[in-house]
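Me: I've got a model open and I'd like to learn how to read its features one at a time. Can you walk me through it?

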Amino acid sequence: MGEMNILDERKQFIQIGNSSDGCSGIKCDSDSLSGAVSQRACVYCGARVVLNPITDAFHIVHGPIGCASYTWDIRGSLSSGSELYRNSFSTDLCEKDVVFGGEKKLAAAIDELATLHNPKVIFVYATCIVGVIGDDVDAVCKAAEQKYGIRVIPVKSPGFSGNKSYGYKMACDAIMSLISPCAKEGEKHGVNILGDFNLAGEMWIIKNYLKEIGIDVVSTITGDASYDSITKAPSAELNIVQCAGSMTYLANRMEEEMGIPYIKVSFFGIEDTGSALVRIAEAVGTSDNIARAKEFTQKESSRLKAALSKYDSCLKGKKAAIYVGGGFKAISLIRQFAAMGMKTVVVGTQTGKPEDYEVINQLVDKDTVILDDANPAELEQFMKQMGADILVGGVKERPLAYKLGIAFCDHNHERKHALAGYDGVINFTEEVNRSINSPVWQYLNIPTPKGGGLAL
Amino acid sequence: MLNLTPKKITPRTALRVNPCKTCQPVGAIYCALGVHRCMPHSHGSQGCVSYHRTFLTRHFKEPAIASTSSFTEGASVFGGGSNLKTGVKNVFDIYDPDMIAVHTTCLSETIGDDVGSYIMDIDLPDNKLVVHANTPSYVGSHVTGFYNMMCGFINYLSLNTKSPNGKIGIFPGFVNPADIREMKKLASMMKASFIMFPDQSGVMDAPMTGNYEMYPKGGTTKEEIISLGDCAKVLALGIFTSLEPANVLKRKCKVPYEALPLPIGIANTDQFIMELKKITQEEVPPALEEERGRLVDVMLDAHFYCYGKEVAVFGDPDTALGLTSFVLELGMIPKYVITGTPSDGFEKKAAELFDLFQVEGCMAKASADLFELHQLIKNEPVDLLLGTSYGKQIAKAENIPFVRAGFPVLDRYAHSYFPIVGYLGGLRLTELITCALMDQFDRECEDEDMDVVM
């Protein structure tokens, strides 16, 4: 292995193969190294991606224009109602505001928004610079709440105050401050789905499954959520946590403060989707619900086996590399690739936790490379070395894979097809096959005859 | 979102809705990517550079590499000096560029990091360089960041050695790699010996080889940037983008310059060619005259469909003005010309174009946003929308044919491989504009008006 490309400080973030004692010692959940070209984002990013799918909320980004413009309509979270969240609002702080403080501008921006659009809820994101110049965003929001009788919720998300995971936490705090006043005593019923953002309509798939087995969904956090729907969340009897990285903190707070227990599930892959549905039915359902869950998952599994068998010969034995945001997704993907007869040779995450790596460690082969907070140089080196045929990642990884002549599947914001649930498995398999077996690859190697030039 | 925009226009002073610009650092990165074997480095917290790389990747569908100082809370309290020192060392150790181009962010600017003196304190490996530019996000836009980074390179590197190199410096402005290729082609046809700076061609449109080259073949070399100081003259294309670096070079190295509009459309391209001719004293070659003739021919063929059609143009100041000039040449009426970038003189330049073609009822505005443009269109509609991808919602809401040009175009492929500058760029724009209008007609017309021949 070309050691030269890996910094000493980075070596603890990389583990080759599963360790025999069953305990993964990989370093994770810590700040990135300066100069290492991390693929990671910031606190604001974490907060924004969690809250943005609340469809009828106004998201005002308090800061210079960049933070708002880069997060304008990026998530691919679909809405069944309002499309408000797809606009970009900002205070567009300029030099004068930075010198004299941005509080007045923020208050004026809220005024302009309130007069123009009659909002129900406004989230105000405090970005890096607001943290430094010390605007009292809390006070401005509180004054606006009183003035207009609406919810104006500050989201403390200066980029430097931690990493993306910390932004998830700030978003969860904002959600708590939105829903806490709506908690009422009384019988609890149904479930909340936490940590699905309705990318390509995935939340709708999950809701349909739960409907199929007779489980009521109270609130979705935050995919396809609205002010009215999200404030009903305290009346649920169980929280289902899909994206553990972003939502475990909220689930814990809701358990402590509202008495709602939670279970972690994943809807990626046949195996995980099936066990998720059965576990949910077992947790809140009647024996009828459990029976329906089992019947449904069996029926869907066998439908899928038939539908997927045609890809067996195209994909069996291929090697996969995974570089995604959170650990839960990486884990599901390893299982899903195994079900497709493929081997995961490289697996990394941006924000995986020790317990995620523990599970990953148990799932992979002896020679698999495990990475936390990787950079493009490491990804390139390990993908080449391990002979990966496809990379699953996000927008920045796509051209890297293509340049290396490796197929690619987007499992992040830009996915156009749902990858969750049973139909998601079909979409995923089709995408993997389409990219690995594209006829374009055959033109990559240019035959050069002796005299030079193309062989015609 | 499509129904958010009310028709009634009320003044806003604080709330920006749907911006028509973004912040300085992304422009600084794009500029630095146009320098050979240079690593752009963002001095601030990590999210900025992650967004910038994503944004550039989405536009070019190419890897956009840049490192970061990865500020944490400590750095933002005690200053980012040690982060920069570690960052620079790490970047040279693992990524081995020839040069690192540091740009600041709103965070490092506000805490008052003196990047220039940090750099002086760093022990650099032999033959390696670090340059920097101040690019606070709360000033200007991505265009400002682009030219500030150009100024940074010039300030650090360009030298007047008193031995003239006889070359022309060409500053291409904030354009796509294909535009730069086209400018280079035109300059070569005019037999000019030139230095293109910056030059993202071959970097942000590198060919597929099966290898990932962190530093592809393209880009202005360090030697060329140094040598800018010995150039006979600089052609600064796009006054809002290239004037400032031209001024900096003039002050530092006494190189005279001519500031021209981006060569979009016939008149602007003619002006570029004539300036080249003035310098090289070469005749315009027949091949180039033929190219121009082909463009005029096609514009004539298409004029019936374009003449008198009203169009809204938006984007970066120089791009928007170039496009405005070209649609006027096609006989269209640029009813609204909008840029989000704060620019003194933008409105005046646009008004000069309106006067030149004697069109009435047109308005131009800098520091505007797309919400405002949408409101204007709701009150008085246009026949065509011409600008970046962010216009697509307006186009859909109001059912207006839409042509994408400028930065960013996030929702189409291959656009950055075709120029909009030069005569060839004019051909492409004519095709795009005419086809968009015709497609709309075909989609909407009565059956009896539908004709295979148009």
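Me: Let's start inside a helix. How far apart are B:K278 and B:E275 in helix α11 of chain B?

Reply: This is a predicted model, so read everything here in that light. B:K278 and B:E275 sit three residues apart in α11 (residues 266-280) of chain B, and therefore about one helical turn separates them. The two form a salt bridge, with the closest N and O atoms 3.0 Å apart.

Me: And is each partner buried or exposed?

Reply: They split. B:K278 is exposed, at 52% relative accessible area, while B:E275 is buried, at 7%. The cut-offs that matter are under 20% for buried and over 50% for exposed.

Me: Where else does a helix hold a pair like that, say for B:E352?

Reply: Look at α14 (residues 346-356) of chain B, where B:E352 and B:K349 are three residues apart, again about one turn of the helix. Their closest N and O atoms are 3.9 Å apart. The rule allows anything within 4 Å, so this pair counts as a salt bridge. Both ends are partly exposed: B:E352 at 39% and B:K349 at 36%.

Me: What about a salt bridge between separate elements: which parts does the pair B:D411 and B:K392 tie together?

Reply: B:D411 lies in the loop between β14 (402-404) and α17 (422-444) of chain B, and B:K392 in helix α16 (residues 392-398), so the pair ties together parts that are 19 residues apart in sequence. The closest N and O atoms are 2.9 Å apart. B:K392 is partly exposed, with a relative accessible area of 36%.

Me: How many salt bridges does the rule find over all chains?

Reply: The count is 46 over all chains, and three of them cross the interface of chain B and chain A. One pair to click on is B:K21 with A:D92, with N and O atoms 3.0 Å apart at the closest. Both of those residues belong to a network of salt bridges that links A:D92, B:R12, B:R16, B:K21 and B:D369.

Me: Okay, the interface, then. How do people put a size on one?

Reply: A common way is to quote the accessible area that is lost when the parts come together. Here chain B and chain A bury about 6,000 Å² between them, with 62% of that on carbon and sulfur atoms. In residue terms, 68 from chain B are in contact with 74 from chain A. There are also 22 residue pairs in polar contact between the two chains, counting pairs with both residues at pLDDT 80 or more.

Me: Which elements supply the chain B side?

Reply: Those giving two or more residues include β2 (38-43), α4 (81-95) and α15 (370-379) of chain B. The largest share comes from α2(B), with 10 residues. By type, the chain B side divides into 31 nonpolar, 28 polar and nine charged residues.

Me: Which strands pair between the chains, and in what sense?

Reply: Strand β3 (residues 89-90) of chain A and β1(B) pair in the antiparallel sense, over two bridges. Within that pairing, B:R16 is the bridge partner of A:S90. B:R16 also turns up in the salt-bridge network.

Me: Does the sheet idea say anything about side chains in general, and which case would you show me within chain A?

Reply: In a regular strand, side chains alternate between the two faces of the sheet. For a pairing within chain A, try β10 (residues 319-324) and β11(A), which run parallel over six bridges. A:I322 stands opposite A:V347 there. Six of the seven residues of β11 (residues 343-349) are buried, so the strand is largely enclosed by the rest of the structure.

Me: How many residues of helix α2 of chain A are buried?

Reply: Nine of its nine. Among them are A:R48 and A:L51.

Me: Which residues does A:H59 touch?

Reply: Setting aside neighbours within four places in sequence, its contacts include A:R48 and A:L51, plus A:Y85, A:F89 and A:Y125. A:H59 lies in strand β2 (residues 58-62) of chain A and is buried, at 2% relative accessible area. Its side chain makes a polar contact with the side chain of A:Y125, at 2.8 Å.

Terms used:
Residues are numbered from 1 along each chain as its sequence is written. Chains are lettered from A and ligands numbered from 1 in the order in which they are written. This is a predicted model: local features need pLDDT of at least 70, side-chain atom pairs count only at pLDDT 80 or more; totals for chains, interfaces and linings use all residues. Side-chain values use heavy atoms; hydrogens and water are left out. Contact means heavy atoms within 4.5 Å. Buried area is the accessible area (1.4 Å probe) that two parts lose on being put together, summed over both. A salt bridge is a side-chain nitrogen of Lys or Arg within 4 Å of a carboxyl oxygen of Asp or Glu. A polar contact is a pair of N or O atoms within 3.5 Å; within protein, one must be able to donate a hydrogen and the other to accept it, and residues adjacent in sequence count only if both atoms are side-chain atoms. Helices (H or I, at least four residues) and strands (E, at least two) are DSSP runs, numbered from the N terminus. Ala, Val, Leu, Ile, Met, Phe, Trp, Tyr, Cys and Pro count as nonpolar, Asp, Glu, Lys and Arg as charged, and the others, Gly among them, as polar. Two strands pair if DSSP finds at least two bridges between them. Buried means under 20% relative accessible area, exposed over 50%, partly exposed in between (1.4 Å probe, protein chains only).
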